[in-house]
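Me: I have a structure open and would like to talk it through slowly. Can you help me read it?
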Amino acid sequence: MDTVGVRGFRNTHDIAVYRDGEWAERGEVTLTEAASMLNLSPATVLRQIRAGIIPAQQYCMGAPWVIKRGNIEDSHLIERIKSCSKGPPSSDSDQKTLSFNSVARWAS
């Protein structure tokens, strides 16, 4: 959406222009801030939003995700995120775990 389109959309829907600090005033955090708070990458947070683990809203395609700070600080959500972040165990008992430290030694 170009500048004229965004301005027109804001005017049509009576949406105020963004000002610094308004997200914090509403108790909201950005995707990057949520990732930092949860000690995860933004990509992981986005995957968990799309999976329905982290509650968030995106009001229109291309808009930033709106995440409530209270949700990110909720102990039940934090435990759920930790349990999901471990990844699924392999169904193959013969599968070996790759140690990235040993890979670095092979490359040198």
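Me: Let me start with a charged residue, then: is E73 buried, partly exposed or exposed?
Reply: Keep in mind as we go that this is a predicted model. E73 is partly exposed, because its relative accessible area is 47%, and buried would need a value under 20% while exposed would need one over 50%.

Me: Which residue does E73 form a salt bridge with?
Reply: E73 forms one with R69, and the closest N and O atoms of the two are 3.6 Å apart. Both residues belong to helix α5, which covers residues 69-73, and they sit four residues apart, about one turn of the helix. R69 counts as partly exposed, with a relative accessible area of 35%.

Me: Why can side chains pair up like that at all?
Reply: In general, side chains of opposite charge can pair when their charged atoms come close.

Me: How many salt bridges are there in the whole structure?
Reply: A search of the whole structure gives five salt bridges. Some of them join up, since E22, R26, E28 and K68 are linked in a network of salt bridges.

Me: OK, take E28 from that network. How far apart are the N and O atoms where E28 meets R26?
Reply: The side chains of E28 and R26 meet with an N to O distance of 2.8 Å. E28 is buried, with a relative accessible area of 7%, whereas R26 is partly exposed at 40%.

Me: And what about K68, where is that in the chain compared with E28?
Reply: K68 also forms a salt bridge with E28, with the closest N and O atoms 3.3 Å apart. This pair links distant parts of the chain, as K68 lies in strand β2 and E28 in strand β1 (residues 28-29), 40 residues apart. K68 itself counts as partly exposed, at 39% relative accessibility.

Me: Staying with β1, is V29 buried or exposed?
Reply: V29, which is placed in strand β1, is buried, with a relative accessible area of 0%. Leaving aside residues up to four places away in sequence, V29 touches W23, A34, M37, W65, I67, R69 and I72. For one of these, I67, the C-alpha atom is 5.4 Å from that of V29, although the two residues are 38 residues apart along the chain.

Me: Let's switch to helices. At what angle do α3 and α4 cross?
Reply: The axes of α3 (residues 31-38) and α4 (residues 42-50) cross at roughly 100 degrees and come within 8 Å of each other. That angle makes α3 roughly perpendicular to α4.

Me: Which residues make that contact?
Reply: From α3 the contact uses L31, A34, A35 and L38, and from α4 it uses P42, V45, L46 and I49. Sorted by type, the contact residues are eight nonpolar, no polar and no charged.

Me: Which residues of α4 are buried?
Reply: The buried residues of α4 are T44, V45, L46, Q48 and I49. Just beyond, α4 is followed by G52, whose phi is positive, near 85 degrees.

Me: One last place: what does the side chain of Y59 make a polar contact with?
Reply: The side chain of Y59 makes a polar contact with the side chain of Q57, at 2.6 Å. Y59 lies in the loop between α4 and β2, and it counts as exposed because its relative accessibility is 61%.

Notes: Residues are numbered from 1 along each chain as its sequence is written. This is a predicted model: local features need pLDDT of at least 70, side-chain atom pairs count only at pLDDT 80 or more; totals for chains, interfaces and linings use all residues. Side-chain values use heavy atoms; hydrogens and water are left out. Axes are lines fitted to C-alpha atoms, for helices over the stretch in contact, and angles run from 0 to 180 degrees between N-to-C directions. Helices (H or I, at least four residues) and strands (E, at least two) are DSSP runs, numbered from the N terminus. Angles under 35 degrees count as roughly parallel, over 145 as roughly antiparallel, 65 to 115 as roughly perpendicular and the rest as oblique. Contact means heavy atoms within 4.5 Å. Ala, Val, Leu, Ile, Met, Phe, Trp, Tyr, Cys and Pro count as nonpolar, Asp, Glu, Lys and Arg as charged, and the others, Gly among them, as polar. Buried means under 20% relative accessible area, exposed over 50%, partly exposed in between (1.4 Å probe, protein chains only). A polar contact is a pair of N or O atoms within 3.5 Å; within protein, one must be able to donate a hydrogen and the other to accept it, and residues adjacent in sequence count only if both atoms are side-chain atoms. A salt bridge is a side-chain nitrogen of Lys or Arg within 4 Å of a carboxyl oxygen of Asp or Glu.
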